[in-house]
Amino acid sequence: MSSCIFCRIIEGSIPAKIVYQDEHTLAFDDINPQAPVHTLVIPKRHVASVQDLGESDQALLGRLLLTCTKIAKDKGLSESGFRVVANTGLDGGQTVLHLHFHVMGGRHMSWPPG
Ligand code: AMP
Ligand code: ZN
């Protein structure tokens with residue numbers, strides 16, 4: 001069994017509220033939502049962060065972002081807007097070392113983030 005919590009969600013060994021999946025990506029609602037809509041979009045292959053993507057991952061990166069916009073559309077955020085965030089590394093505030101995009105919306109987001 002994987003030691004990575006998001007790989008365990010992919011394996012199905014820990015539960016998550018999965019809202020979408022395709023061959024390469026999985027989307028599930030964040031367990032500790034910080035906005036009315038807060039969904040995580042991840043690759044099904046373990047990749048630690050955006051820094052660990054290479055030239056050969058262009059299609060995967062495109063698929064991940066297209067999945068983010070699909071989730072936003074499905075959750076009714078297309079008109080109001082939303083935020084897509086990939087926290088990266090220590091200063092970026094990344095706590096789970098499996099690449100994930102946060103798709104957040106349903107309230108106004110302030111800038112800059114804390
Ligand atoms: P980050 O701090 O950017 O690495 O984001 C990690 C996110 O994963 C946080 O928003 C957590 O609430 C979320 N999270 C951690 N464990 C789970 C889980 N089992 N199911 C859903 N979301 C999770
Ligand atoms: Zn993983």
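The questions below concern ligand 1 and Gln 94 in a predicted model.

Q: Which residues come nearest to ligand 1?
A: The surroundings of ligand 1 comprise 16 residues. Those that come nearest are Asp 30, Asn 87, Thr 95, His 100 and His 102.

Q: How much of ligand 1 does the protein bury?
A: A polar side-chain atom of Asp 30 lies 2.5 Å from an oxygen atom of ligand 1, and one of Asn 87 lies 2.8 Å from an oxygen atom of the ligand. A polar backbone atom of Gly 93 is 3.1 Å from an oxygen atom of ligand 1. Taken alone, ligand 1 exposes 500 Å². Of that area, the protein buries 84%.

Q: Which element gives the largest share of the shell around ligand 1?
A: Ligand 1 takes up the space of the largest pocket. Helix H1 (5-11) and strand E2 (25-29) each supply at least two residues of its shell. The largest share, 3 residues, comes from H1.

Q: How many residues of the shell around ligand 1 are charged?
A: By class, the shell has 7 nonpolar and 7 polar residues. The charged residues number 2.

Q: Is Gln 94 buried or exposed?
A: Gln 94 lies in the loop between helix H3 (89-92) and strand E5 (101-105). Its relative accessibility is 10%, and the cut-off for burial is under 20%. Gln 94 therefore counts as buried.

Q: Which backbone oxygen does the side chain of Gln 94 reach at 3.0 Å?
A: A polar atom of the Gln 94 side chain lies 2.9 Å from the backbone oxygen of Ala 48. At 3.0 Å, the side chain of Gln 94 reaches the backbone oxygen of Val 96.

Conventions
Residues numbered from 1 in each chain as written. Chains lettered and ligands numbered in written order. Predicted model: local features only at pLDDT ≥ 70, side-chain atom pairs only at ≥ 80, totals over all residues. Heavy atoms only, no water. Near = heavy atom within 4 Å. Polar contact = N/O pair within 3.5 Å; in protein donor to acceptor, adjacent residues only side chain to side chain. Areas by Shrake-Rupley, 256 points an atom, 1.4 Å probe, with all protein chains shown as cover. 1 Å grid on protein atoms, 1.4 Å probe; cavity = no way out; pocket = protein on both sides within 12 Å on 5 of 7 lines; lining within 4 Å. Sits in = over half its atoms within 2 Å of the grid points. Helix = DSSP H or I, 4+ residues; strand = E, 2+ residues; numbered from the N terminus. Nonpolar A, V, L, I, M, F, W, Y, C, P; charged D, E, K, R; others polar. Buried < 20%, exposed > 50% of the residue type's maximum accessible area, 1.4 Å probe, protein only.
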